[in-house]
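Good morning, colleagues. Please take a moment to look at the sequence and the structure on the screen before I begin.

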Amino acid sequence: MIIASLLDTDLYKFTMMQVVLHHFPGAHVQYRFKCRTQGVDLRPLIDEIRDEINALCTLRFRERELDYLRSLRFIKSDFVDFLALFQMNPRLIQIKGLDSGELDMTVEGPWLHTILFEIPVLAIINELYFRRTHPMPDYLEGRRRLIDKSRLITADPELAGLTLADYGTRRRFSRLWHEEVLLSLKTALGPHFVGTSNVFYAMKHGMTPLGTMAHEYLQACQALGPRLRDSQIYGFETWAREYRGDLGIALSDVYGLDAFLNDFDLYFCKLFDGARHDSGDPFHWGERMIAHYEQHRIDPRTKTLVFSDGLTIPVLIELYKRFHQRSKIAFGVGTNLTNDLGYVPLQIVMKMVRCNGQPVAKLSDTPAKNMCDDEAYLGYLRQVFGIPNPNDAKEAR
């Protein structure tokens with residue numbers, strides 16, 4: 001059994017789920033799976049994936065897990081009471097293989113009862129894939145790479161204030177390797193390593209659980225808010241009402257950086273502790289965010305910039321040296337920590353594509369990350385938020 005605890009997921013799933021319980025308990029959504037890695041046939045894994053999902057759906061939250069969640073200052077008691085009754089339903093997820101070699105996988109149902117599928121299902125697919133393709137993993141190479149990365153940070157006195165966290169649950173090589181990586185980082189990096197997005201390992205090893213919101217939250221607000229153009233504003237205001245100043249890192253790339261900055265006015269600049277980068281050029285993003293704070297007469301050194309998009313340690317170090325004296329800086333590193341044994345990692349995602357029967361989408365600063373099953377809606381979304389179509393630019397060239 002690959003997933004042995006319902007806490008073996010990212011913290012932001014629980015923080016978003018609490019918002020869903022309190023503000024959108026009737027929302028109905030659909031998620032769709034996609035493998036972005038070319039030439040990978042996952043169809044031979046379908047029976048094993050189904051077995052693992054069925055096992056996942058037998059799990060319930062244990063009393064000590066509920067007590068741990070209750071101990072987090074931003075988790076409310078009625079939400080923990082709901083989780084005490086919660087169980088995932090295998091009927092809400094459908095899987096079949098396509099002639100193209102792709103998996104046709106959808107999760108559909110009440111948002112409150114589907115939100116926890118994404119992370120464990122992606123972790124299951126990753127682990128089954130690597131079990132089949134690399135049955136004798138080169139853990140020595142993985143450990144060597146991990147040591148080299150740690151030394152890049154600890155050996156440079158200019159990086160004394162650099163901190164990073166693990167964001168690698170969904171694309172990890174395996175559950176056991178993930179745990180080894182976390183314990184190795186805790187030992188090798190000391191105060192440089194500040195926590196993990198994985199709630200189970202945070203509980204088990206006394207680490208800080210980290211996370212706020214993901215794209216699906218702001219995407220769902222396209223269907224749940226009063227007006228599409230104000231959906232990002234509505235999402236941030238609803239979040240602030242729920243957490244009253246806690247969990248104050250805003251995700252910046254659901255509609256691209258320009259649209260984010262248009263909505264992230266003086267009120268939100270003061271209300272939120274900072275913002276998270278997850279697509280596009282991180283150096284450009286950092287400069288734009290600092291300039292935006294300065295434009296609103298806010299000292300950027302009082303705000304936090306979180307970088308979390310496909311980071312490697314050398315890029316992370318370069319970002320730190322560019323920005324650490326100009327703003328608070330934090331890093332979330334995923335695949336490069338939890339799935340770097342010398343093999344090509346899978347680029348797999350499971351994204352929300354509909355909410356209450358309406359298409360929803362993100363318009364990322366990295367166009368390849370966009371995922372929507374309705375091109376007409378994508379065009380409409382670009383028009384509403386004033387975002388040019390990248391295909392038009394290609395045709396013009």
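How much area does the protein expose, and what share of it do carbon and sulfur atoms supply? The exposed area is about 16600 Å², and carbon and sulfur atoms supply 50% of that area. Please bear in mind that this is a predicted model.

Let me turn to the overall fold. The protein contains 18 helices and 11 strands. Its radius of gyration is 20 Å, close to the 21 Å that the globule rule gives for 397 residues, so the protein is as compact as a globular protein of that length. Along the principal axes, the C-alpha atoms fill a box of roughly 55 × 55 × 55 Å. Of the 397 residues, 59% are buried. If we consider contacts with a separation of 6 or more, 78% of them are between residues 24 or more positions apart.

I should now like to consider one residue, E52. This residue belongs to helix α2, which covers residues 46–56. Which side chain of opposite charge is nearest to E52, and how far away is it? The answer is R131, at 4.6 Å. A salt bridge requires a side-chain nitrogen of Lys or Arg within 4 Å of a carboxyl oxygen, and E52, although buried, has no salt bridge.

What, then, surrounds E52? A polar atom of the E52 side chain lies 2.9 Å from the backbone nitrogen of I2. Setting aside neighbours within four places in sequence, E52 is in contact with M1, I2, I3, I124 and L128.

Thank you for your attention.

How values were computed
Residues numbered from 1 in each chain as written. Predicted model: local features only at pLDDT ≥ 70, side-chain atom pairs only at ≥ 80, totals over all residues. Heavy atoms only, no water. Helix = DSSP H or I, 4+ residues; strand = E, 2+ residues; numbered from the N terminus. Buried < 20%, exposed > 50% of the residue type's maximum accessible area, 1.4 Å probe, protein only. Lys, Arg positive; Asp, Glu negative; His and termini not counted. Polar contact = N/O pair within 3.5 Å; in protein donor to acceptor, adjacent residues only side chain to side chain. Contact = heavy atoms within 4.5 Å. Rg over C-alpha atoms; globule rule 2.2 N^0.38 Å. Areas by Shrake-Rupley, 256 points an atom, 1.4 Å probe, with all protein chains shown as cover.
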